[in-house]
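Biologist: Could you take a close look at how one pair of helices packs together, and explain it slowly enough for a first-year student to follow?

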Amino acid sequence: MNLDSQPGHIDQIKQTNAGVVYRLIDLYGPISRIELSKRAQLAPASITKIVREMLEAHLVQETEFQEPGSRGRPAIGLILDTVAWHYLAIRLHHGEMTMTLRDLSSRSLVEEILPLPEETQQPLLASLVNEVDAFFIRHQQKLERLTAIAITLPGLINAASGVVHRLPGYAVQDMPLGEVLAARTGLPVFIQHDISAWTLAESLFGASHGAQDVIQIVIDETVGAGVISGGQLLHKRGRALVEIGHTQIDPYGKQCYCGNHGCLETVASTGSLLALVTQRLASQLDSTLHQQPLTLESLCSAAIAGDRLACDAIASVGHHIGRMLAMMVNIFNPQQILIGSPLNQAAEVLFPAVSSTIHQQALPAYSAEINLATTEFREPGTLGAAALIKDALYSGYLLVKLLQG
Ligand SMILES: [Zn+2]
């Protein structure tokens with residue numbers, strides 16, 4: 001290989017190695033330098049150098065510990081030093097802006113939930129920047145060194161350029177949110193789609209921790225998915241998404257707002273589910289749903305209590321989702337499938353429908369061992385943004401910036 005033609009090559013190795021060492025200390029600390037060298041498959045001298053830099057930057061610290069199987073003097077081990085650096089995690093969701101100041105252990109130090117600014121006074125971008133400024137000023141007593149800002153949001157975004165192309169409910173077009181916030185604060189800014197970031201959060205802190213191949217489906221006002229393949233989030237950088245909501249399920253179905261007919265979202269989103277139940281209630285006079293206002297909560301409770309209409313409607317969502325999942329199972333062969341949804345309140349009705357459809361329609365060899373479960377976080381809040389930061393530390397990308405001071 002001609003290294004001259006790849007000026008970034010050595011830097012890339014340094015970054016990757018730093019990320020690997022940081023991740024191993026996070027997973028196995030307290031861990032000795034010798035053990036670290038074995039697990040990272042790096043020479044002891046390299047470990048010594050990387051660890052020295054991390055100690056100086058207050059990213060790791062030494063601690064005495066008893067090595068497993070040893071009865072002698074305590075050894076010197078390494079653990080993360082997580083309190084000296086803070087970051088801001090932001091989520092734009094359902095008309096709200098949640099801002100959480102966290103330290104590098106992902107612990108929340110301060111959290112505020114504000115209504116998302118309206119566009120009537122000034123453009124959304126200016127309002128968002130002002131809210132971030134005001135947050136830092138309000139909490140300046142608490143701030144340690146700031147490392148980064150991470151933002152998750154729905155809509156159409158480009159994670160590589162930080163541009164928000166579209167945001168539901170706003171007239172936003174190609175808003176350069178990442179670039180403007182980075183210029184204003186001098187901090188690296190990470191932006192990711194809400195469902196992709198939630199998928200990453202479950203794999204780092206939640207229900208799919210440690211799994212290498214995961215499909216996560218979110219059934220809410222929209223229907224979306226995130227995929228982890230070979231330990232990596234699919235479409236991590238760039239503009240692409242695992243776009244399942246607008247896959248045609250019924251060619252003769254209702255027209256969707258995207259222009260097509262019978263998209264998955266027209267039969268499996270929570271809005272379309274409630275519309276279907278309202279329609280069927282007119283002809284099913286014995287349903288217990290007549291006795292109360294129709295909400296997702298009352299629908300799920302009725303299903304658990306055995307109401308036929310409620311059960312059928314939720315099972316029908318499960319069959320549609322299962323059909324989509326069967327195709328995805330044949331492509332990705334996951335160990336684990338997670339479902340995040342308010343309909344998980346009726347998991348005992350929803351999950352058997354999803355599971356039976358997958359088993360009928362996917363390759364038996366692929367579907368036999370799949371573990372279908374609920375997401376650990378019912379609402380991820382700003383944990384999706386926290387996952388972006390942890391991922392950027394593990395990859396070494398953010399770590400190298402912190403080491404350079
Ligand atoms: Zn559509």
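Modeller: Axes here are lines fitted to C-alpha atoms, for helices over the stretch in contact, and angles run from 0 to 180 degrees between N-to-C directions. Please keep in mind that this is a predicted model. Two packed helices are described by the angle between their axes and the distance between the axes. For helix H1, which spans residues 9-28, and helix H2, which spans residues 33-40, the axes come within 10 Å and cross at roughly 120 degrees. Angles of 65 to 115 degrees would count as roughly perpendicular and those over 145 as roughly antiparallel, and therefore H1 is oblique to H2. The crossing in which H1 passes H2 is right-handed.

Turning to the residues themselves, H1 contributes Val20, Val21 and Leu24, and these meet Leu36, Arg39 and Ala40 of H2. Sorted by character, the residues of this contact between H1 and H2 comprise five that are nonpolar, one that is charged and none that is polar; Arg counts as charged, whereas Val, Leu and Ala count as nonpolar.

For a second example of a helix and its neighbours, consider helix H10, residues 308-332, which lies across strand E10 (214-219), E11 and strand E13 (336-340), and which runs at about 155 degrees to E10. Those strands belong to an open sheet of five, ordered E12-E11-E10-E13-E14 with mixed pairing, in which strand E12 (232-233) and strand E14 (371-374) are the edge strands, each pairing on one side only. Strand E11, residues 223-229, runs antiparallel to E12 and is joined to E12 by two bridges, with Ser229 standing opposite Gln232 in E12.

Technical notes
Residues are numbered from 1 along each chain as its sequence is written. This is a predicted model: local features need pLDDT of at least 70, side-chain atom pairs count only at pLDDT 80 or more; totals for chains, interfaces and linings use all residues. Two strands pair if DSSP finds at least two bridges between them. Helices (H or I, at least four residues) and strands (E, at least two) are DSSP runs, numbered from the N terminus. Two residues are in contact if their C-beta atoms, placed from the backbone, lie within 7 Å. Angles under 35 degrees count as roughly parallel, over 145 as roughly antiparallel, 65 to 115 as roughly perpendicular and the rest as oblique. A crossing is left-handed if the near helix is turned anticlockwise from the far one by less than a right angle, and right-handed if clockwise.
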